[in-house]
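Please look at the sequence and the 3D structure shown here before reading on. The report is meant to be read slowly, with the structure kept in view.

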Amino acid sequence: MTKLTETPAWRALHSHRQTMSHASIAGLFEADAARFQHFSLRAGGLLLDYSKNLVNRDTMHLLAELARERGLGERMRELFNGGKINLTENRAVLHTALRGEQPVFVDGVDVMPQVRAALDHMQSFSDGVRAGRICGQGGRYTDVIHIGIGGSHLGPMLATRALAPYADGPSVHFASNIDMAALQRTLAPLNPATTLVIVVSKTFTTSETLANAKSVRDWLTRALGATAAQQLVAVSANTGRAAEFGVAAERIFPFWDWVGGRYSLWSAVGLPIALAVGMDRFRAMLRGAHEMDEHFRNAAFEKSMPVLLALIGIWYNNFFGAASHAVLPYDESLALLPAFLQQLDMESCGKSVCADGSPVDCDTGMIIWGAAGTDAQHSFFQLLHQGTRLVPTDFIAACQPHHTVESHHAILMANFFAQTAALMNGAPFADNPHERFPGNRPSNSLLIDRLTPHSLGQLLALYEHKVFAQSVIWGINAFDQPGVELGKKLAARILPDLDDNAPVSGYDASTNGLIDFYKANREAQFRERGPQ
């Protein structure tokens, strides 16, 4: 494939960037009274307003041409039809099949019967737990601990908290960090006899997950003895290891190699969501995601919400030098969305090598960060408004809250509308230089009718497809994560060296010094405290 920076569309965009160098977003509105109508669209229950961006019709046409030149349409067909587009691991990428309806074949086998069987297994188990038919040693399960890491942690935790207004099942708690202090805080208020433990690991070899799982199993065993296994569930592709860990066969849920961790909440990894809000609502979330899949699959690029977000991101990353992108949900239920998108985007697009093994010839990925409004306004918005760096932003809000205090929601939404207008218009001519704001800061606004399981599914699938579209244009593989493994491999090498008090010498001088300092101070602490 032709290098990205040598394609006709890229060169045309480079020239177009020069013509836009003196443009202002406010000026674009002055020139087009119908700009909002021309640069906004609906998809399902979502409205995207991208009119407050440094783009015009020529910009969007050239960006869409770039997507066509890079073969986005063909790659989309491969994604949905079971092509092995995860080239480095020779795997299909079929998170869309988890919420799909039509047959999808991998190596000549239709995967949909096993997808439907897994959903039915989730249904019978979650219905049984929620109704009290499936119990722990102490009777009805009151609490669930979900043990995973990465996407198998962030996805279910985000969805469970986002759908908290619908929660009518056991309380769900999440454990991922290997720091024992975090796990102890989770376990402290819980009753082992009424706690269900879900262990999620595709291979059942992930070190952090297994360490936490073993500690929780020990906690159960100390309280319940040999019946502790009655409290365990596993989600894994390695059923043998899960069984060796002590999980009964009927409590092991499948996890296929064509589902990446950061796309796994749509699978049995989403079991805690079903336990918290019910399987009918989990299926509604799947339907919402499927609707966004169909929109992405069928809409012209110029009318595709995921493609438009992807193209605007590339415009700022590659032609304006923007290194970061802020995600700002004006809904406390979505407070975890920035963290979820950090992993989705940065693990997928944080690559410096093309899918064919050649080095990339432009910047890829952006630093994704953010927090919930209005708290964020009193934190980092100063930088957004008056800082020297260009930071494109996504503002997200729901028109209808789940609470009934209208005055609070009105204040929240007034701030939502005001911030994007202030970023665009600024106050460049104030008499006091400290009160001058340059404006011309771009933003997207996403309005949701109401945050429901269905619309949450749409929202998350929207960002999944945005990330995929960007990866195709950059020519990278969005579905592997070799950078995650490098530090973990070195940690496995270092761990045995922490067993004794001997100085280490097998690493660089800094690492040697840090390990020796840790050992000396660890031992001093243990001597002061005595045996625990």
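The sections below take up confidence, the two sheets, a pair of helices and one residue.

## Confidence in the model

This structure is a predicted model, and its chain has a mean pLDDT of 95, with 98% of the residues reaching 70 or more. Residues 527–532 call for caution, since pLDDT stays under 50 there and the model gives this stretch zero contacts beyond four places in sequence. Where pLDDT is low, the predicted coordinates should not be read in detail.

## The six-stranded sheet

One open sheet is built from six strands in the order S1-S2-S13-S12-S10-S11, and its pairing is mixed. At its edges stand strand S1, residues 40–43, and strand S11, residues 367–370, each of which pairs on one side only. From one strand to the next, the twist averages 20 degrees.

Strand S10, which spans residues 324–329, pairs with S11 in the parallel sense over four bridges, and Val327 has Gly370 in S11 as its bridge partner. S10 also runs parallel to S12, to which it is joined by four bridges; here Pro329 has Ile396 of S12 as its bridge partner. S12 in turn is joined to S13 by seven bridges, and these two strands run parallel as well, with Ala397 partnered by Leu447 in S13.

How much of S12 is covered? The strand is mostly covered, for six of its eight residues are buried. Helix H16, residues 406–425, lies across strand S12 (393–400) and strand S13 (443–450), and the helix runs at about 150 degrees to S12.

## The five-stranded sheet

A second group of five strands forms an open sheet in the order S6-S5-S7-S8-S9, and here the pairing is parallel. Strand S6 (171–175) and strand S9 (252–254) are at the edges with a single partner strand each, so one side of each is left without a neighbour in the sheet. With direction ignored, neighbouring strands of this sheet are turned by 20 degrees against each other on average.

Strand S5, residues 143–147, pairs with S6 in the parallel sense over five bridges, and Asp143 finds its bridge partner in Ser171 of S6. Helix H7, residues 151–162, packs on the sheet, where it touches S5, S6 and strand S7 (195–200), and the direction of H7 makes about 150 degrees with that of S6.

## Two crossing helices

Two packed helices are described by the angle between their axes and the distance between the axes. For helix H4 (residues 57–69) and helix H13 (residues 305–320), the axes come within 10 Å and cross at roughly 100 degrees. An angle from 65 to 115 degrees counts as roughly perpendicular, and therefore H4 is described as roughly perpendicular to H13.

Which residues meet where H4 and H13 touch? From H4 come Thr59, Met60, Leu63, Ala64, Leu66 and Ala67, and they meet Leu308, Leu311, Ile312, Ile314 and Trp315 of H13. Sorted by class, this contact has 10 nonpolar residues, one polar residue and no charged residues.

## A residue in helix H19

Asn512 lies in helix H19, which covers residues 509–529. Is Asn512 buried or exposed? Its relative accessibility is 12%, and because buried means under 20%, Asn512 counts as buried.

Leaving aside residues up to four places away in sequence, Asn512 touches Val504, Ser505, Gly506 and Tyr507. Leu384 lies 128 residues from Asn512 along the chain, and the C-alpha atoms of these two residues are separated by 40 Å.

Notes. Residues numbered from 1 in each chain as written. Predicted model: local features only at pLDDT ≥ 70, side-chain atom pairs only at ≥ 80, totals over all residues. Heavy atoms only, no water. pLDDT = per-residue confidence, 0-100. Contact = heavy atoms within 4.5 Å. Pairing = 2+ DSSP bridges. Axes fitted to C-alpha atoms, helices over the stretch in contact; angles between N-to-C directions. Parallel < 35°, antiparallel > 145°, perpendicular 65-115°, else oblique. Nonpolar A, V, L, I, M, F, W, Y, C, P; charged D, E, K, R; others polar. Buried < 20%, exposed > 50% of the residue type's maximum accessible area, 1.4 Å probe, protein only.
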